[in-house]
Structures are given as structure tokens and as C-alpha cells.
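Welcome! Open your viewer, get ready to select residues by number, and follow along one stop at a time.

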Amino acid sequence: MKKALITGITGQDGSYLAELLLNKGYQVYGLVRRLSRPNLENVEHITNSIKLIDGDLADQASIMNAIEKSCPDEIYNLGAQSFVATSWQQAEYTSNVTGLGAFRVFEAARMAKKTKENIKIYQASSSEMFGDSSPPQNEVTQLNPRSPYGAAKAFAHHMAKVYRDSYDMFISCGILFNHESERRGIEFVSMKIANAVAKIKLGLENKLELGNLEAKRDWGYTKDYVEAMWLMLQQEKPENFVIASGESHTIKEFVEGAFNHVGLNWQDYVTIDQSFFRPAEIYDLRGDYSKAKDKLGWKPKVKFEELIKIMVDSEIKKIKNNHH
């Protein structure tokens with residue numbers, strides 16, 4: 001039976017990946033930060049099938065301990081301070097967890113190499129590393145980060161290559177563009193929109209405040225994207241892959257789609273708040289996933305419009321359940 005260790009298992013990516021691996025017969029371990037009230041909402045339905053290990057990406061010893069306990073064939077490093085807007089306010093923390101955290105995972109796996117040969121590692125790289133490089137972006141596009149988060153991810157991405165080349169380690173980086181789902185955190189703009197639209201539709205709220213509506217993103221569905229992570233570790237050799245939808249849409253289009261879905265006109269409810277603008281915005285991200293298509297046989301299944309419907313419907317259902 002294969003064993004996998006997932007950092008960030010309680011996030012949207014980690015929880016869907018855990019489900020996928022359980023379905024494939026893996027024994028799944030997850031690294032969770034010791035909080036007085038751990039947020040296990042996304043993995044509640046599978047807690048009996050997975051093993052959680054206390055640990056922190058800011059603490060080298062705890063990562064080594066987690067690897068020792070789980071003795072994994074595959075490590076998926078998804079843990080990070082992943083909210084871009086927060087990365088300006090918490091630049092040092094973001095660099096430590098998102099950047100150095102990945103380095104600590106590689107180093108711990110290298111140390112463990114003596115006892116456990118050939119641990120395969122998946123590193124969650126991000127389209128935010130491209131910053132304002134012109135679209136479409138692929139595996140060889142210049143990295144040009146515009147946020148502390150993007151810079152931290154770029155450091156981890158370069159470190160993965162250094163460890164790959166220096167120690168002959170299997171580390172594949174998935175450069176994932178924006179991916180969303182019903183389990184997305186409320187601080188992310190996609191969920192913020194879906195949640196507000198649901199509340200407005202149910203008469204619980206009457207406005208939605210947003211920042212820059214013209215920013216373009218390449219949006220996909222998380223469930224599709226975690227499959228690509230797994231596929232990368234089933235290859236003969238480690239490589240980098242862009243995982244994206246190949247389409248870019250403005251935040252305004254997301255808003256419009258969400259309100260249209262519930263039969264409302266977005267202009268009646270949306271106001272612009274300057275405080276939500278980023279110090280340095282990225283204007284256009286659009287990924288070219290042809291390498292993943294050729295080598296992994298991967299392509300996105302859920303389209304932009306369908307993704308919006310999935311999220312809005314899920315929020316409406318959730319809110320109704322809480323209100324009854």
C-alpha cells in the first residue's frame with residue numbers, strides 16, 4: 001500500500017487530494033498545525049480514514065518527525081500562507097512558511113533518504129510567480145513575482161530545482177493557476193463573490209464590496225487540478241508542469257456570472273472599495289497547459305461558467321442548512 005504525506009491537508013487542495021488518494025488505495029497522512037481549535041471542516045468526512053500528525057512548516061524538527069512517522073512514498077507540499085493580499089501585511093511570515101517551508105520539506109526528505117529511498121515530492125508552485133510576464137504563461141516563462149507570496153513561491157520553485165539537481169531527488173513542481181471549489185476559503189475573491197451572491201439571493205445581505213474588477217485570472221476547478229498533482233508523481237522523472245484552463249476571465253465576468261445564475265443584476269449590488277486593491281496588481285494570467293496535456297494526458301473538465309454555478313449553489317445550500 002502506498003503512503004502519502006500531505007502538508008496543508010485541511011485546505012481545499014489538500015482535502016480533495018486526500019479523497020483522491022484514498023480512492024486509489026493510499027494510506028494518507030496529513031500535517032496539521034497545532035491550534036487550540038484546529039479547522040478540520042474540509043476533512044471532517046474523512047478523518048477516520050486519514051492520520052493527522054501535528055507539525056508546522058516553520059519548524060524543521062516537526063517535519064522530520066512527520067516524515068519519520070508516515071514513512072511516505074509521496075509527499076505533497078501544499079501547505080502555505082496562501083492568501084496573496086495578506087502576504088504584504090505578513091511578508092516575513094509568508095516567506096518563512098511558503099518559501100522556507102518548502103525548503104524544510106526538501107531538506108527533511110533528503111535526510112530521510114538514508115532510510116527511505118526515493119520519496120517523490122510534489123511542490124505546489126503558483127501562477128503568482130509569473131507576476132506581470134505576458135500571457136500565455138508556460139513552464140519556461142520568466143518568473144516575475146509582484147507580491148511577497150509570489151516571491152516566496154518562486155524561491156521554493158528554484159529550491160526544488162536545486163535539490164533535484166544536487167541530490168538527484170524526485171521533486172515535481174505544479175505551477176497551478178487559480179483554482180476554486182466549494183471548499184475555498186471565504187477570504188478569496190471567488191468564494192467572497194459566491195457567498196455574497198447566495199446571501200443576497202436569500203435576502204440576508206444587500207451589497208458586495210470588491211476591489212479591482214478588471215484583473216484577469218485563469219480559473220479552474222480544484223478537483224480537476226489535484227488529479228494533475230497525482231499524475232506528476234506517477235511519471236518516470238520529475239518535471240515542472242503548468243496546470244490551467246487556458247482561458248482568462250476578469251473578476252467582473254465572475255461577478256456577472258454569479259449574479260446571472262441567481263437571476264439578479266450585479267450592478268444593483270456591487271460597490272468598489274479602494275482598500276481591496278493590491279499594492280502591485282497582476283493584470284493578466286492565462287496558463288498554457290499543453291505540456292500537461294501531452295505528457296500527463298491531463299486537461300481541465302469543469303469550465304468557468306460551470307465552476308461559478310457549483311460554488312454559488314453550494315453556498316446557497318450551506319446557508320439554507322445553517323438557517324434551518
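How much space lies in the largest cavity? About 50 Å³. Keep in mind as you look around that this is a predicted model.

**Stop 1: the cavities**

Rolling a probe the size of a water molecule over the atoms shows where empty space is left. Here there are 2 cavities of 30 Å³ or more. To find the largest cavity, select Trp219, Ser245, Glu247, Pro300, Lys301, Val302, Lys303 and Phe304, which line it. Try colouring them by class: you should get 4 nonpolar, 1 polar and 3 charged residues.

Now go to the second largest cavity, which holds about 30 Å³ of space. Select Leu5, Thr7, Leu31, Ile63, Ala66, Ile67 and Val105 to see its lining. Colour by class again, and this lining shows 6 nonpolar residues, 1 polar residue and no charged ones. Which elements each supply at least two residues of this lining? They are strand E1 (3-7) and helix H2 (60-70). H2 gives the most, with 3 residues.

**Stop 2: two helices that pack together**

Next, show helix H1 (residues 12-23) and helix H7 (residues 222-232) as ribbons. They pack at an angle of about 65 degrees, and their axes are 9 Å apart. The crossing of H1 and H7 is right-handed. To see the contact, turn on the side chains of Gln12, Asp13, Tyr16, Leu17, Leu20 and Leu21 on H1, then those of Thr222, Lys223, Val226, Glu227, Met229 and Trp230 on H7. The residues of this contact divide into 7 nonpolar, 2 polar and 3 charged.

**Stop 3: two buried residues**

Select Ser125, which sits in strand E5 (residues 120-126). Is Ser125 buried or exposed? Its relative accessible area is 5%, so Ser125 is buried, given that buried means under 20%. Apart from neighbours within four places in sequence, Ser125 is in contact with Lys153, His157, Cys173, Gly174, Ile175 and Leu176.

Move on to Glu239, in the loop between H7 and strand E11 (240-243). Glu239 also counts as buried, because its relative accessibility is 15% and the cut-off is under 20%. Leaving aside neighbours within four places in sequence, look for its contacts with Arg164, Ser172, Cys173, Lys291 and Lys295.

**Stop 4: an exposed loop residue**

Now select Gln267, in the loop between helix H8 (251-261) and strand E13 (270-272). With a relative accessible area of 54%, Gln267 is exposed, because exposed means over 50%. Add Val28 to your selection: the C-alpha atoms of Gln267 and Val28 are separated by 46 Å, and the two residues are 239 apart along the chain.

**Stop 5: backbone surprises**

Most residues other than glycine have a negative phi, and most peptide bonds are trans. Your last selections depart from those habits.

Zoom in on Pro135 and Pro136, which are joined by a cis peptide bond with omega about -5 degrees. Pro136 lies in the loop between E5 and helix H5 (148-167).

Then pick Cys71, in the loop between H2 and strand E4 (74-77). Its phi is near 45 degrees, a positive value in a residue other than glycine. At 34% relative accessibility, Cys71 counts as partly exposed.

Finish at Asp168, in the loop between H5 and strand E6 (170-176). Asp168 has a positive phi of about 55 degrees, although it is not a glycine. Asp168 counts as exposed, at 65% relative accessibility.

Methods
Residues numbered from 1 in each chain as written. Predicted model: local features only at pLDDT ≥ 70, side-chain atom pairs only at ≥ 80, totals over all residues. Heavy atoms only, no water. Helix = DSSP H or I, 4+ residues; strand = E, 2+ residues; numbered from the N terminus. Buried < 20%, exposed > 50% of the residue type's maximum accessible area, 1.4 Å probe, protein only. Contact = heavy atoms within 4.5 Å. 1 Å grid on protein atoms, 1.4 Å probe; cavity = no way out; pocket = protein on both sides within 12 Å on 5 of 7 lines; lining within 4 Å. Points joined across faces, edges and corners; volume = space filled by probe spheres on them. Nonpolar A, V, L, I, M, F, W, Y, C, P; charged D, E, K, R; others polar. Axes fitted to C-alpha atoms, helices over the stretch in contact; angles between N-to-C directions. Left-handed = near helix turned anticlockwise from the far one by under 90°.
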